[in-house]
Structure formats: structure tokens, C-alpha cells
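Morning, everyone. I have one structure to go through today, and I will take it region by region. Please have it open on your screens.

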Amino acid sequence: MLIDNLKLFANRLEAYIVMSECYLKMNDKEKARISWTIVSKMAELVQNTDLKTKADSILSNLDEHLSPSKDDTSVDPPELYEGESRAIPGTSSAMSMRRSKDKGRYMVANERLPVGAILTSEEPYASVLNFDKQNNHCLHCYTRLKRVVPCPTCSGVAYCSAPCANAGQVYHQWECQFMELMIGSGMSVNAALSMRMITQSPVEYFLQLVDAIRNNDEHPHLKVSFHMK
């Protein structure tokens with residue numbers, strides 16, 4: 001009986017340690033304080049000096065142990081050949097835009113280009129995580145998971161931190177109910193990408209696009225008739 005109780009206590013202590021680490025990753029300061037306090041007291045009961053010292057150290061400097069904010073998950077774009085054009089953002093200065101009645105707008109090289117030269121680079125309009133990575137990578141920033149912040153409404157995706165979870169729910173709240181269907185039916189990840197192109201922006205954004213396309217006087221061939229109810 002005594003051995004069983006000791007095993008139960010050890011399992012509970014291990015669970016509280018994991019819980020405490022998770023709360024730090026989630027930046028939940030108050031719950032982290034409570035759970036680490038419990039760990040400290042339990043470590044004292046079993047005379048685990050190292051664990052108690054660790055818990056007390058974290059409690060004394062809790063802010064330093066919280067996960068840093070991950071509001072900015074962008075990466076630096078690759079360097080463009082000959083630098084960026086002042087006239088065409090995201091395009092090499094070695095390129096120019098031309099126009100013709102037959103071809104419309106098109107790009108030409110101003111010089112002989114070396115093999116492998118990067119001529120254009122821009123942030124994607126939308127991106128998604130491959131289906132086979134959703135169980136071990138963050139849905140929002142795509143980093144490998146060390147601690148899991150679950151989706152509040154499904155078990156199919158997870159986040160690496162509270163900031164990523166908050167940012168991801170902007171679009172995942174609409175995608176959540178369809179993810180299992182898309183994956184189970186064998187759809188390509190392009191189906192999820194198509195959905196993300198819509199869910200990441202509010203409806204007002206698309207209404208503005210309708211007005212912009214409808215009133216496109218510069219390029220009449222782009223005008224589209226919309227019938228909206």
C-alpha cells in the first residue's frame with residue numbers, strides 16, 4: 001500500500017511539473033505561479049532539494065521564465081538580385097515593366113541575368129500547414145511543438161503558444177468544422193489553402209474588392225458583373 005501511494009504521489013508530482021511548464025509556455029502567469037508553488041511544496045515533502053530549488057527559483061523570477069511574445073513570426077525575404085526596384089516593390093531592379101495592347105503588362109530583363117538570380121519575392125497572400133504536420137507543428141507559425149496549446153473546439157490542430165493560438169483562431173474558427181472532412185476525404189492541402197484565402201480576411205475586405213473590380217476604369221477588361229443579394 002505504501003509503495004502504491006508513493007508511486008501515485010510521484011505521478012502527481014510529474015504531472016504538476018508538466019502542467020507548470022505548459023503554463024509558462026502559455027504565458028499564464030497566475031496559473032504558473034499556483035502550479036509551481038504546488039511543485040515546490042511536493043518536492044519539499046519528498047526531500048527533492050534540486051526540484052524545490054528549481055521551483056523556488058522560477059517563482060522568484062516568474063516573468064523571466066514566461067515564453068516571449070510571438071506576435072511577429074515572419075522571416076526575412078531573400079535578397080533580390082541588384083536590389084529592389086523603386087518602381088515595382090518586391091521585384092529586382094534588373095527588371096522593368098512594359099505594356100502593349102496585345103500582351104498587356106509584362107516584365108523584361110534590363111541586362112543579362114545570371115543563373116539562379118532572385119528576381120521577385122513577396123510575402124504569400126495565404127499559407128497553410130501540411131496535413132501530415134498538424135499533430136506536431138504549430139498551426140499558425142509552423143514551428144515544431146515543444147508544449148501544446150490546443151484548439152478550444154477540436155483535437156486536430158495545436159499551437160505552440162497563447163499568442164499563436166489567439167492569432168490562429170481568427171481563421172481556424174471557421175475552418176475547424178471542415179478540417180476533419182477535408183483530411184478524411186483525401187483532399188489535397190490546396191483545398192485548405194483555398195479556404196484560408198477566404199477565412200483570413202473579414203467579409204468587408206471582399207466587399208471592397210467587389211467595388212474595386214466593378215469600378216476598374218484603368219483596365220476595362222477586368223470589369224466583372226456581380227449579382228449580390
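Let me begin with a single serine. Leaving out neighbours within four places in sequence, S121 is in contact with P77, P78, L80 and G90, where contact means heavy atoms within 4.5 Å. S121 sits in the loop between β2 (104-109) and β3 (149-150). Helices here are DSSP runs of H or I with at least four residues, strands are runs of E with at least two, and both are numbered from the N terminus. Is S121 buried or exposed? S121 has a relative accessible area of 18%, so it counts as buried. The cut-offs are under 20% for buried, over 50% for exposed, and partly exposed in between, with a 1.4 Å probe and protein chains only.

Before going on, the ground rules. This is a predicted model, in which local features need pLDDT of at least 70 and side-chain atom pairs count only at pLDDT 80 or more, while totals for chains, interfaces and linings use all residues. Residues are numbered from 1 along each chain as its sequence is written, and side-chain values use heavy atoms, with hydrogens and water left out.

Now the strands. β1 (residues 95-100) pairs with β2 in the antiparallel sense over six bridges; strands pair if DSSP finds at least two bridges between them. The two form a hairpin, with three residues between β1 and β2. Two of the bridges, by partner: M97 is matched with M107 in β2, and S100 with G104 in β2.

In that part of the chain there is also a charge over a ring. K103 lies over the face of Y106, at 5.3 Å from the ring centre. The criterion is NZ of Lys or CZ of Arg within 6 Å of the ring centre and within 35 degrees of the ring normal.

Next, helix α2. How far apart are the end C-alpha atoms of α2 (residues 29-45)? They are 24 Å apart, which agrees with the 24 Å that its 17 residues should span at 1.5 Å a residue. The expected span is 1.5 Å times one less than the number of residues. Buried residues in α2 include W36, V39 and M42. Just after α2, Q47 takes a positive phi of about 60°.

On to helix α6 (residues 189-199), which holds T199. V189 is in α6 as well. V189 is partly exposed, because its relative accessible area is 21%. V189 touches V128, L129, N130 and F131, not counting residues up to four places away in sequence. The C-alpha atoms of V189 and N130 are separated by 6.3 Å, although the two are 59 residues apart along the chain.

T199, by contrast, is buried, with a relative accessible area of 12%. With the same four-place exclusion, T199 touches V170, Y171, W174 and E175.

Those four bring us to an annotation. The unreviewed UniProt entry gives "domain: MYND-type" for residues 138-176; positions are in the numbering used here, feature names are shortened, and annotations may be inferred rather than shown by experiment. In the model, that span is 38% helix and 10% strand, and its end C-alpha atoms lie 15 Å apart.

Last, the aromatics. The structure holds one aromatic pair. The rings of Y205 and F206 have centres 5.2 Å apart and planes at 80°, so the pair is edge-to-face. Rings of Phe, Tyr and Trp (its six-membered ring) pair with centres within 6.5 Å; planes under 30 degrees apart are stacked, over 60 edge-to-face, and the rest tilted. Y205 is partly exposed at 29% relative accessibility, and F206 is partly exposed at 26%.
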